[in-house]
Amino acid sequence: MPRTHPDSETIRSALALAMRAPSVHNAQPWLWRLGDESLHLYVDESRWLRHTDPGGRDLLLSCGAALHHFRTAARALGWETLVHRLPDPAAPQHLAAIEFRSAAFTPEDIQLASAISTRRTDRRRFTSWEVPQAHCEAIVAAGVANGVLVSDIDSEPVRTHLLRAFEQAASQHAHDVSYAAELAQWSGRHAASQGVPARNAVALAADPTVRPFSSPGLPQAVVRDIDAAERMMLLSTSSDDRLSQLRAGEATSAVLLTATMLGLATCPLSEPMELTETRTQIRTSVLQDTGYPQIVVRVGWSVTSADPVPATPRRPLDEVLGPLDPVE
Ligand SMILES: Cc1cc2nc3c(=O)[nH]c(=O)nc-3n(C[C@H](O)[C@H](O)[C@H](O)COP(=O)(O)O)c2cc1C
């Protein structure tokens with residue numbers, strides 16, 4: 001008789017890949033609970049970066065990215081996932097209940113899952129090589145298939161509006177002592193299993209999109225032609241509730257993995273979305289009030305002579321995985 005539920009080894013393999021999901025400051029704010037025939041995702045609010053992310057949007061986006069990573073990994077292992085998002089209004093930390101159905105996988109499923117292990121947040125400058133239009137379209141389609149609108153910011157005036165919001169957010173954060181303390185707490189340490197290690201952060205340049213993580217140790221890429229041809233992809237949603245934010249996290253993962261699969265370097269950017277004023281500015285001047293901005297993904301070709309970006313650390317799976325407790 002065909003199996004109706006993956007065995008625990010298969011679930012652990014998929015979860016090991018889900019742990020590679022990007023998260024704000026590498027906080028990894030997720031918990032997984034295993035039921036008899038289901039798997040459950042919870043948000044770990046003890047890892048909410050309240051001074052960076054007062055609205056909790058990055059928190060939900062990060063969990064959404066982990067959910068999409070899990071679904072992608074499960075698919076490549078022959079399991080389709082049926083996801084009930086925010087299944088219990090009385091338990092807001094319960095983000096998803098996942099059931100399984102055996103399904104054949106395609107070569108594309110394998111390629112997308114393979115991108116999980118090779119994806120890195122690359123904060124260096126990208127080259128002046130154009131990102132082919134077909135690649136941009138594939139990235140946009142991956143986001144749209146996961147329920148968000150993806151605006152490929154290809155007009156210079158609109159890009160200028162977007163960069164101005166980054167500049168203003170950085171200068172507002174520069175005067176926020178609590179924000180700076182949180183950033184210092186979550187970056188720069190080499191040995192920890194969480195946070196942004198020094199070796200993954202680049203020194204502040206003239207680029208307003210670069211966050212000032214502690215003791216940056218990643219050499220900036222040497223790009224002779226300063227006209228970088230990177231693309232800024234703005235992900236937005238038609239509503240701004242928690243479900244939309246969770247879905248936006250799933251879409252962020254889909255965008256990042258699709259770009260990685262195509263050989264592109266990526267960097268998620270959320271700073272101006274963390275402040276009401278700059279987020280409103282993006283909503284008005286970039287989206288013309290048609291949606292709610294959730295995150296920007298910078299996409300481009302990295303310099304071929306540069307060293308690969310090292311993998312960031314993760315917590316052990318057993319710290320975040322446990323049995324489903326009916327009281328939870
Ligand atoms: C919601 C969200 C917001 C993020 N915001 C930023 C950002 O503003 N700047 C940045 O350099 N990286 C940002 N990142 C990337 C994380 O710092 C990165 O995913 C984490 O350090 C783990 O590293 P990795 O992506 O290389 O695995 C963000 C990631 C997520 C999911």
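A residue counts as buried when its relative accessible area is under 20% and as exposed when that area is over 50%. The views below are close-ups of a predicted model.

**View A. Arg279, a buried residue of helix α8.** Arg279 lies in helix α8, which spans residues 276-285. Its relative accessible area is 10%, and Arg279 is therefore classed as buried. Leaving aside residues up to four places away in sequence, Arg279 touches Arg57, Asp240, Pro272, Met273, Tyr292, Pro293 and Gln294.

**View B. The right-handed crossing of helices α4 and α7.** The axes of helix α4, residues 133-145, and helix α7, residues 242-261, come within 8 Å of each other and cross at roughly 155°. Because angles over 145 degrees count as roughly antiparallel, α4 is roughly antiparallel to α7, and the crossing of the two helices is right-handed. On the α4 side the contact is made by Ala138, Ile139, Ala142, Gly143 and Ala145, and on the α7 side by Arg247, Ala251, Ala254, Val255, Thr258 and Ala259. By residue class, this contact of α4 with α7 comprises eight nonpolar residues, two polar ones and one charged one.

**View C. The packing of helix α1 on helix α2.** Helix α1, residues 8-18, packs with α2 at an angle of about 135°, the two axes being 8 Å apart. That angle makes α1 oblique to α2, and α1 passes α2 in a right-handed crossing. Ile11, Ala14, Leu15, Leu17 and Ala18 of α1 form the contact together with Ala66, His69, Phe70, Ala73 and Ala74 of α2. Nine of the residues in this contact of α1 with α2 are nonpolar and one is polar, while no charged residue takes part.

**View D. The largest nonpolar core and a second, separate one.** In soluble globular proteins, nonpolar side chains tend to be buried together. The largest nonpolar core of the model has 36 residues, and those with the most contacts inside it are Leu15, Trp30, Trp32, Leu39, Leu41, Phe70 and Ile98. Helix α2, residues 57-76, supplies the largest share of this core, namely nine residues. When residues up to four places away in sequence are not counted, Ile98 touches Trp32, Glu37, Ser38, Leu39, Leu67, Phe70, Thr81, Leu82 and Val83. A second core, separate from the largest one, has 18 residues, including Leu61, Cys136, Ala259 and Leu264.

**View E. Two loop residues with positive phi, Ser215 and Gln288.** Most residues other than glycine have a negative phi. Ser215, in the loop between α6 (177-185) and β6 (231-237), has a phi near 30°, a positive value in a residue other than glycine. With a relative accessible area of 53%, Ser215 is exposed. Gln288, in the loop between α8 and β8 (292-300), likewise is a residue other than glycine with a positive phi, near 50°. Gln288 is also exposed, its relative accessible area being 53%.

**View F. Thr127 and Thr304, separated by 177 residues along the chain.** Thr127 is placed in the loop between α3 (107-118) and α4. The relative accessibility of Thr127 is 9%, so Thr127 counts as buried. Although their positions lie 177 residues apart along the chain, the C-alpha atoms of Thr127 and Thr304 are separated by 9.1 Å.

Note on methods:
Residues numbered from 1 in each chain as written. Predicted model: local features only at pLDDT ≥ 70, side-chain atom pairs only at ≥ 80, totals over all residues. Heavy atoms only, no water. Axes fitted to C-alpha atoms, helices over the stretch in contact; angles between N-to-C directions. Helix = DSSP H or I, 4+ residues; strand = E, 2+ residues; numbered from the N terminus. Parallel < 35°, antiparallel > 145°, perpendicular 65-115°, else oblique. Left-handed = near helix turned anticlockwise from the far one by under 90°. Contact = heavy atoms within 4.5 Å. Nonpolar A, V, L, I, M, F, W, Y, C, P; charged D, E, K, R; others polar. Core = buried A, V, L, I, M, F, W, Y, C linked by side-chain atoms within 4.5 Å. Buried < 20%, exposed > 50% of the residue type's maximum accessible area, 1.4 Å probe, protein only.
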